[in-house]
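Please look over the chain below before reading on. The notes after it are meant to be read side by side with the sequence and the coordinates.

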Amino acid sequence: MREPFRPLADRMRPRSVAEIVGQEPLLAPGKPLRATIDAGRVHSMILWGPPGSGKTTLARVFAGAVDADFIALSAVLGGVADVRKAVARAEDNRRLNRRTLLFVDEAHRFNKAQQDAFLPHVESGLLDFIGATTENPAFEINGALLSRLKVYVLRALPATAIERVLSAALADRERGLGDLGIEVDSDALAVLVRAADGDARRGLNLLELAAGMTDEGRINVELATAVCAGDSLRRFDKGGDVFYDQISALHKSIRSSDPDAALYWLSRMLDGGCDPRFIARRMVRMASEDLGNADPRALQLAIAGWQSYERLGPPEGELALAQVACYLACAPKSNAVYKAFQAAQRDARERGSLPVPNHLRNAPTHLAHSLGHGKGYRYDHDTEEGVAFDQRCFPDDMDPVEYYQPFDQGLETRIRERLDYIRSRRR
């Protein structure tokens, strides 16, 4: 019998691995995780994936497959006291020769000290630990605990999987909406699937809301659109993995001279709520790192775009950021300055505090003059070609290094010709 007060998403939770859709890379027949479940085995693990991808469901399926006592904790609400209770229950289960599976949702919200509380019990095999997280485990899970866990990555559900989930909910008379006889137009179903954005829970919640709003037993595209209005379609966590993945995609699209992809990722970030000032700062960095002296105007334009946004704000100022993104993507590229600076920084760290040669030192006082500071310095502007070719500018105990190697790109082509001439004269 359908339980009307339980949310549809909870009622339709898969009860077996065969009912889980959209995670075929992990759960298709023959895959290691599927084989583990089918064999009735379990091991401690982290399930890493976006909301609504099936992490909690998979943990429950594991518990059923091995006939384990399933203990669920939420790191949002729980603490060390709850962990102690779970451990005591696991000890009782061991005396009864029964396994314990401890599931910790939002595991990344436990601090490192709280995570340490699991270590001895995972190590001893008192309990099997399954943690679910939407954040990168490498950053959020204690290294000692992580070394004892296998990490499985769940993906956001593709549109076809979301459609199967919603269709199953409409047809299921026991747990879903099948007893209500609701029909959903194909274009309305497409709206709900798109709004779910890979999150099965969100899709089921929207479907349940639409079902509760129809008086005719039919969900049309107008109703579906109204239900989904204002619902954010995009995953963007403003500081987590999705955030850094998208800024990485924007940066690499510009580096690859693809203005179309750059505009797409810029739009995704702005649409998801990213602070445009963060993007502006990053594009100033791109101008120096990836274009450098191949087009020095890029740095000026990037700063101008940032200033334009500060003066105009959204949405007008966002157009300036789009202009900068397109320019950076289309301009000639050179990371020669970036590579040269890295090499120089490495030498500065590793070679110690080499003294400045006397002829390059400042001589503001009589004492400095008496110590020979500035003695022998040649003023380059007074030489015939404007360069004192025989003047050494590196420390005396360090051989000159040619860090900067201009590329044959844009303005750097001319810079390279000039620099090659100067270096050849100095050599």
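The points that follow are grouped by topic and concern a predicted model. They take up a parallel sheet and the helices packed on it, then the nonpolar cores, then two helices with buried residues, and lastly some individual residues in loops.

**The parallel sheet**

- Five strands form an open sheet in the order S2-S3-S4-S1-S5, and their pairing is parallel; the edges are taken by strand S2 (69-74) and strand S5 (150-153), each of which pairs on one side only.
- When direction is ignored, neighbouring strands of this sheet are turned against each other by 20° on average.
- Strand S1 (residues 45-48) is joined to S5 in the parallel sense over four bridges, and within this pairing Trp 48 has Val 153 of S5 as its bridge partner.
- Helix H4 (residues 55-65) packs on the sheet and touches S1, S2, strand S3 (100-105) and strand S4 (128-133), while the direction of H4 makes about 175° with that of S3.
- Helix H5 (residues 80-95) also packs on the sheet, where it touches S2 and S3, and its direction makes about 175° with that of S2.

**Nonpolar cores**

- Nonpolar side chains tend to be buried together in soluble globular proteins.
- In this model the largest nonpolar core has 32 residues, and those with the most contacts inside it are Leu 166, Val 184, Leu 204, Leu 207 and Ile 219.
- Two or more residues each are given to this core by helix H1 (8-11), helix H10 (159-171), H11, H12 and helix H13 (221-228), and H11 gives the most, with seven residues.
- Leu 204, not counting residues up to four places away in sequence, touches Leu 8, Ala 9, Met 12, Val 165, Leu 166 and Ala 169.
- Another core, of 27 residues, lies apart from the largest one, and among its members are Val 284, Leu 291, Tyr 309 and Val 324.

**Helix H13 and its buried side**

- The buried residues of H13 are Leu 223, Ala 224, Val 227 and Cys 228; they cover an arc of only 130° around the axis, and therefore lie on the same side of H13.
- An α-helix has 3.6 residues a turn, so residues three or four places apart point the same way.
- The cover over the buried residues of H13 includes H11, H12 and strand S7 (218-219).

**Helix H19 and its two faces**

- At 1.5 Å a residue, the 15 residues of H19 should span 21 Å, and this agrees with its end C-alpha atoms, which are 21 Å apart.
- Ala 336, Ala 340, Ala 343 and Asp 347 are the residues named as buried in H19; seen down the helix axis, the buried residues fall within an arc of 65°, so they line one face of H19.
- The face of H19 turned away from this buried side carries the exposed residues Phe 341, Ala 348 and Arg 349, whereas what covers the buried residues includes helix H21 (412-426).
- Just after H19, Gly 352 takes a positive phi of about 75°.

**Residues in loops**

- Asn 358 is found in the loop between helix H19 (336-350) and helix H20 (366-370), and it counts as partly exposed because its relative accessibility is 35%.
- Leaving aside neighbours within four places in sequence, Asn 358 is in contact with Leu 371, Gly 372, His 373, Gly 374 and Lys 375.
- Asn 358 and Asp 179 are 179 residues apart in sequence, and their C-alpha atoms are 92 Å apart in space.
- Most residues other than glycine have a negative phi, and most peptide bonds are trans.
- Glu 106, which is not a glycine, has a positive phi near 55° and is found in the loop between S3 and helix H6 (112-116).
- Asp 197 is not a glycine either and has a positive phi of about 55°; its place is in the loop between helix H11 (186-196) and helix H12 (200-213), and with a relative accessible area of 23% Asp 197 is partly exposed.
- The peptide bond from Pro 314 to Pro 315 is cis, with omega near -5°, and Pro 315 has its place in the loop between helix H17 (297-312) and helix H18 (316-330).

Conventions. Residues are numbered from 1 along each chain as its sequence is written. This is a predicted model: local features need pLDDT of at least 70, side-chain atom pairs count only at pLDDT 80 or more; totals for chains, interfaces and linings use all residues. Side-chain values use heavy atoms; hydrogens and water are left out. Buried means under 20% relative accessible area, exposed over 50%, partly exposed in between (1.4 Å probe, protein chains only). Contact means heavy atoms within 4.5 Å. The expected span of a helix is 1.5 Å times one less than its number of residues. The arc is that of the directions from the helix axis to the C-beta atoms. Two strands pair if DSSP finds at least two bridges between them. Axes are lines fitted to C-alpha atoms, for helices over the stretch in contact, and angles run from 0 to 180 degrees between N-to-C directions. A nonpolar core is a set of buried Ala, Val, Leu, Ile, Met, Phe, Trp, Tyr and Cys residues joined through side-chain atoms within 4.5 Å.
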